[in-house]
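Please open the model in your viewer and set the display to cartoon. The stops below can be selected in order.

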Amino acid sequence: MQNNILNLSDLKVMDMEEFVDDYRFLVETTASPPSHCLKCGAVANLYKHGKKQQLFFDLPMHAKRIGIYAKRQRYKCRECDETIFENLLIWM
Ligand SMILES: [Zn+2]
């Protein structure tokens, strides 16, 4: 499958299904993990904290809606205990 079918940077298309009204893509980011906490700025004090799947809808293609399931890695900061998501540059 073409890797960049959705024209999204740092995303890898894992799967695609066609439905009557929409296409649904399952994507994961290929970006490297954040180097520091976005809340308190602590460097290298993050640990992985599970993944969360989110559904976005993009502009229609071929008169069908584009549904994007994005698996996002969650991180937690040891310093401030905040949960942050990896960057998801989905609209670029
Ligand atoms: Zn923090």
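The tour goes from the whole chain to a set of paired strands and then to a loop.

**Whole chain.** Keep in mind throughout that this is a predicted model. Colour by secondary structure: the chain has 5 strands and 0 helices, so that, counted from the N terminus, the order of elements reads β-β-β-β-β. Of its 92 residues, 13% count as buried. Among contacts with a separation of 6 or more, 50% are between residues 24 or more positions apart.

**Strands β1 and β2.** Select residues 11-18, which are strand β1, and residues 22-29, which are strand β2. The two pair in the antiparallel sense, over 7 bridges. Together β1 and β2 make a hairpin, and 3 residues lie between them. Now show the side chains of M16 and F25: M16 stands opposite F25, which belongs to β2.

**Strand β4.** Add residues 64-77, strand β4, to the selection. In which sense do β2 and β4 pair, parallel or antiparallel? They pair in the parallel sense, again with the bridges numbering 7. Keep F25 displayed and add I68, the bridge partner of F25 in β4. F25 therefore serves as a marker on β2 for both pairings, with M16 opposite and I68 as its partner in β4. While the side chains are on, note that in a regular strand they alternate between the two faces of the sheet.

**The loop at D21.** Go back to the hairpin and select D21, which is found in the loop between β1 and β2. Is D21 buried or exposed? D21 counts as exposed because it has 10 C-beta neighbours inside 10 Å, and a residue is exposed at 12 or fewer.

Next, show K64 and R65. Leaving aside neighbours within four places in sequence, D21 is in contact with these two residues. Finally, draw a distance from the C-alpha atom of D21 to that of I66; the separation is 9.0 Å, although the two residues are 45 residues apart along the chain.

Key:
Residues are numbered from 1 along each chain as its sequence is written. This is a predicted model: local features need pLDDT of at least 70, side-chain atom pairs count only at pLDDT 80 or more; totals for chains, interfaces and linings use all residues. Helices (H or I, at least four residues) and strands (E, at least two) are DSSP runs, numbered from the N terminus. A residue is buried if 20 or more other C-beta atoms lie within 10 Å of its own, exposed if 12 or fewer, and partly exposed in between; C-beta atoms are placed from the backbone. Two residues are in contact if their C-beta atoms, placed from the backbone, lie within 7 Å.
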